[in-house]
Amino acid sequence: DQTVISGQGVRMRLLEPMRVGKHILPKNSLLTGEGRIQGERLHVNILQVEYGGTIIPVELAVYDNDGQGGIFIPGSMEANAVSISITNQSAGDQLLSELGKGAIQGVSQYISRKMREEKAHLKSGYTLMLYQDNDQ
């Protein structure tokens, strides 16, 4: 299981051996690609793999079981908002309230930005397909 934010690496494990150039990656090899969330899909591109201390350039795209590019992630377009309001209780607390208001607004903006950040939760065991557009 992993939670991915757009631009982060996505880890995958091969369920069967795969030929990459003159190398054969064994079953259970780990691959890492860069994930980009677009709409309700997490697009993953793998540009290189490491095998036996050698970095092998590749161009692999991840396809979901529906035959479409990227991994279907329903509900990824939902955004949550957070708001924090301050009320002055008395004239004596006004100065403290004004000082605290700026700090709390900064925290509120940070939390709102983090909650609007698109995330995808991927469960282990989900089967994907790797597609190579050219002969490498």
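These legends walk through several close-up views of a predicted model.

**View 1. The whole chain, mostly told through its strands and one helix.** Welcome to the fold: the protein chain has one helix and 10 strands. Following the sequence from its start, you meet the pattern β-β-β-β-β-β-β-β-α-β-β. The chain has 136 residues, and 24% of them are buried. Among contacts with a separation of 6 or more, 61% join residues 24 or more positions apart. On the outside, the protein chain exposes about 9400 Å², and carbon and sulfur atoms supply 51% of that area.

**View 2. The largest nonpolar core, with Leu42 and Val49.** This core has 21 residues, and Leu42 and Val49 are those with the most contacts inside it. Which strands each supply at least two residues of this core? They are strand 2 (9-13), strand 3 (18-20), strand 5 (30-38), strand 6 (41-51), strand 7 and strand 9 (119-122).

**View 3. Val49 and the residues it touches.** Here we zoom in on Val49, which lies in strand 6. Is Val49 buried or exposed? Val49 has a relative accessible area of 5% and so counts as buried, because the cut-off for buried is under 20%. Leaving out residues up to four places away in sequence, Val49 touches Val20, Leu25, Leu31, Thr54, Ile55, Ile56 and Val58. Another residue to look for is Thr32: Val49 and Thr32 are 17 residues apart in sequence, with their C-alpha atoms 7.5 Å apart in space.

**View 4. The aromatic pair of Tyr63 and Tyr131.** The structure holds one aromatic pair. Its partners, Tyr63 and Tyr131, meet edge-to-face, with 5.6 Å from centre to centre and 70° between the planes. The pair links distant parts of the chain, since Tyr63 sits in strand 7 (residues 54-63) and Tyr131 in strand 10 (residues 129-132), 68 residues apart. How accessible is Tyr63? Its relative accessibility is 27%, so Tyr63 counts as partly exposed. Tyr131 is also partly exposed, and its relative accessible area is 43%.

**View 5. Thr127 in a loop, and its contacts.** Thr127 is found in the loop between strand 9 and strand 10. With 38% relative accessibility, Thr127 counts as partly exposed. Which residues does Thr127 touch, not counting residues up to four places away in sequence? They are Leu15, Asp64 and Asn65. For Asp64, the separation from Thr127 is 63 residues in sequence and 7.7 Å in space, taken from C-alpha to C-alpha.

**View 6. The largest pocket and its lining.** This last view turns to open space. Rolling a probe the size of a water molecule over the atoms shows where empty space is left. The largest pocket has a volume of about 640 Å³. Its lining is made up of 23 residues, and Met12, Arg13, Leu14, Tyr126 and Leu128 lie nearest the pocket centre. Strand 2, strand 5 and strand 10 are the elements that give two or more residues to this lining. Which element gives the largest share of the lining? That is strand 2, with four residues. Strand 2 and strand 5 may look familiar from the core, where each supplies at least two residues.

Methods:
Residues are numbered from 1 along each chain as its sequence is written. This is a predicted model: local features need pLDDT of at least 70, side-chain atom pairs count only at pLDDT 80 or more; totals for chains, interfaces and linings use all residues. Side-chain values use heavy atoms; hydrogens and water are left out. Buried means under 20% relative accessible area, exposed over 50%, partly exposed in between (1.4 Å probe, protein chains only). Contact means heavy atoms within 4.5 Å. Accessible areas come from the Shrake-Rupley method with a 1.4 Å probe; for residues, only the protein chains shown count as cover. Rings of Phe, Tyr and Trp (its six-membered ring) pair if their centres lie within 6.5 Å; planes under 30 degrees apart count as stacked, over 60 as edge-to-face and the rest as tilted. A nonpolar core is a set of buried Ala, Val, Leu, Ile, Met, Phe, Trp, Tyr and Cys residues joined through side-chain atoms within 4.5 Å. On a 1 Å grid over the protein atoms alone, a cavity is a set of points where a 1.4 Å probe fits but cannot get out, and a pocket is an open set with protein on both sides within 12 Å along at least five of seven lines; lining residues have an atom within 4 Å of a point. Grid points are joined across faces, edges and corners, and a volume is the space filled by probe spheres set on the points.
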